[in-house]
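Have a look at the chain below before reading on. The notes that follow go through it piece by piece.

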Amino acid sequence: MTTPLSTAPLSAAQWTALLDAVSAGTGVTAAFQPIVDTARGIVVGFEGLARFEMPAGVGVEDLFAQARAADRSAEIEARCLRVILVERGSVPTNCFITVNVSPHVLGHEAIRQVWREQADLTGVFVELTEQSAIDSAADLEPELDAIRGAGGLIAVDDLGSGYAGLSRLLALKPALIKLDRELIQGIDTDEAKRALVEMIGTFANRIDSWVLAEGIETAAEYDTITALGVPLAQGYYLARPGPAWPELSRHVQPSAPPQPVPIVRDLLDVAPAVESVADASRIFTEHAEVRTVVLIDHHGRPVSVLDSESAHLGVTTDAVRANLDTPVRDALLRAITRDSTHRYDPLIVTDNAGRYAGIVRLERLITAAVR
């Protein structure tokens with residue numbers, strides 16, 4: 001076994017014994033830190049964290065460095081995932097959980113086995129951490145598709161401390177973008193940081209992602225990110241990690257917009273939703289008045305918008321999605337910047353879990369936006 005440079009006072013044999021113990025789950029427990037919906041001031045999720053009983057002088061970073069050197073990262077991370085995910089059965093109603101995975105172990109059989117044991121990953125965000133670089137987002141696509149296929153969602157962890165540009169975010173297609181503590185610290189007095197967070201928020205909105213500001217430690221930081229419209233927040237100011245399921249350490253006021261903003265929820269139309277193009281064709285044949293059918297997967301998440309011609313030809317295309325609470329003007333901007341072939345297609349509307357909720361037609365967006 002190759003031993004990395006470390007000040008931890010353990011011999012090679014002691015390191016092996018410690019890794020064996022952690023891999024077996026000895027001394028490994030789960031802690032959870034609340035995630036707050038800033039608009040409503042309530043807990044909507046928890047980040048799952050692994051905690052370890054370590055020998056004196058040995059830190060968690062030492063443990064993971066040694067695991068990487070011994071090519072045992074996947075088995076250690078798999079144990080951490082199991083310790084966290086075993087609590088899923090008691091997660092509070094309408095709350096999600098997030099778990100951390102290093103990109104370089106995502107395709108390892110030990111990690112795949114964890115997902116198979118869970119079967120259904122609905123309500124779970126899998127965070128790609130910065131413990132190792134992502135050489136190619138394309139190489140991760142099979143693993144990410146498998147997670148999404150099981151109902152899970154992808155999150156990008158620690159934005160602001162390492163990912164190489166927005167192009168990589170486009171390739172990863174995360175449902176959640178986390179803003180690193182380094183970006184949040186002192187944001188109340190740093191105009192450049194505020195401008196960057198606003199830019200990320202605009203970008204995230206265009207790709208149908210949520211933004212989460214982590215590492216919030218002061219009231220001023222929290223007030224600033226809520227004023228900037230960041231929808232999710234996490235940090236010691238709100239609550240420290242604890243056993244399942246910790247409450248907030250302080251009451252936070254819901255953020256109130258200065259005036260009502262029209263959202264797509266108010267403009268919903270109903271369109272039939274089916275899981276196959278054949279079913280869509282049948283609906284168009286039997287119901288001449290139907291103009292639009294939405295193709296969904298077995299988790300209820302939209303795949304494509306079909307009209308009678310595309311259903312007949314068996315042609316599907318990715319459709320632009322908007323969350324129920326997306327402002328009308330933002331939704332309209334997405335619609336009109338589409339390729340001209342699909343510019344006038346309805347927008348698919350989803351709930352916070354990405355499930356199909358309805359459609360919004362372009363004419364209704366335009367009418368609502370110019371009022």
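Which residue in S7 is the bridge partner of Leu 179? That partner is Ala 213. Keep in mind throughout that this is a predicted model.

## The overall picture

The protein has 13 helices and 14 strands. Out of its 371 residues, 46% count as buried. Taking contacts between residues at least 6 apart in sequence, 64% of them join residues at least 24 apart.

## Strands S6 and S7

Back to the pair from the opening question. S6 covers residues 176-179 and S7 covers residues 210-213; the two run parallel and are joined by four bridges. Leu 179 of S6 and Ala 213 of S7 make up one of the partnerships here.

S6 is covered on both faces. Leu 176 and Lys 178 sit on one side, Ile 177 and Leu 179 on the other, and all of them are buried, the lysine included.

One contact of S6 leads over to another strand. Thr 98, found in strand S3 (residues 96-101), touches Leu 176. Thr 98 also reaches Ile 35, Phe 46, Glu 47, Gly 48, Phe 125 and Glu 127, leaving aside residues up to four places away in sequence. Is Thr 98 buried or exposed? Its relative accessibility is 1%, so it counts as buried.

## The cores and helix H3

The largest nonpolar core holds 64 residues, and Trp 115, Tyr 222 and Ile 225 have the most contacts inside it. Which helix gives the most to this core? That would be H3 (residues 73-85), with eight residues. Trp 115 touches residues from that helix too: Leu 81 and Leu 85 are among its contacts, along with Val 99, Val 101, Leu 121, Val 126 and Ile 147, again not counting residues up to four places away in sequence. There is also a second, separate core, with 16 residues, including Ala 322, Leu 347, Val 360 and Leu 365.

H3 itself is mostly covered, with 10 of its 13 residues buried. The buried set is not purely nonpolar in its names: Ser 73 and Glu 77 are in it, next to Ala 74, Ile 76, Ala 78, Cys 80, Leu 81, Val 83, Ile 84 and Leu 85. The length of H3 works out as well: at 1.5 Å a residue its 13 residues should span 18 Å, and the end C-alpha atoms are 18 Å apart, so the two agree.

## A word on cysteines

How many disulfides does a search of the whole structure find? The count is zero. Cys 80, in H3, has a relative accessible area of 9%, so it is buried. Cys 95 is buried as well, at 16%. The cut-off for buried is under 20%.

## The S9-S10-S11 sheet

Three strands in the order S9-S10-S11 form an open sheet with mixed pairing. Why is one side of S9 and of S11 left without a neighbour in the sheet? S9 (273-274) and S11 (302-306) stand at the edges and each has a single partner strand, so one side of each stays unpaired. Helix H10 (residues 277-286) packs on this sheet and touches S9, S10 and S11; its direction makes about 165 degrees with that of S10.

S10 (residues 293-296) pairs with S11 in the antiparallel sense, over four bridges. In one of the pairings, Val 293 has Leu 306 of S11 as its bridge partner. The two strands form a hairpin with five residues between them, and Gly 300 in the turn has a positive phi of about 85 degrees. Edge position or not, S11 is mostly covered: four of its five residues are buried.

## The S12-S13-S14 sheet

Another open sheet of three strands runs in the order S12-S13-S14, also with mixed pairing. Its edge strands are S12 (321-323) and S14 (356-360), and each pairs on one side only. Ignoring direction, neighbouring strands here are turned by 35 degrees against each other on average.

S13 (residues 347-350) and S14 run antiparallel, joined by four bridges. Which residue in S14 is the bridge partner of Thr 350? It is Tyr 356.

Definitions and conventions
Residues are numbered from 1 along each chain as its sequence is written. This is a predicted model: local features need pLDDT of at least 70, side-chain atom pairs count only at pLDDT 80 or more; totals for chains, interfaces and linings use all residues. Side-chain values use heavy atoms; hydrogens and water are left out. Buried means under 20% relative accessible area, exposed over 50%, partly exposed in between (1.4 Å probe, protein chains only). Two strands pair if DSSP finds at least two bridges between them. Contact means heavy atoms within 4.5 Å. Axes are lines fitted to C-alpha atoms, for helices over the stretch in contact, and angles run from 0 to 180 degrees between N-to-C directions. A nonpolar core is a set of buried Ala, Val, Leu, Ile, Met, Phe, Trp, Tyr and Cys residues joined through side-chain atoms within 4.5 Å. The expected span of a helix is 1.5 Å times one less than its number of residues. A disulfide is a pair of cysteine sulfur atoms within 2.5 Å.
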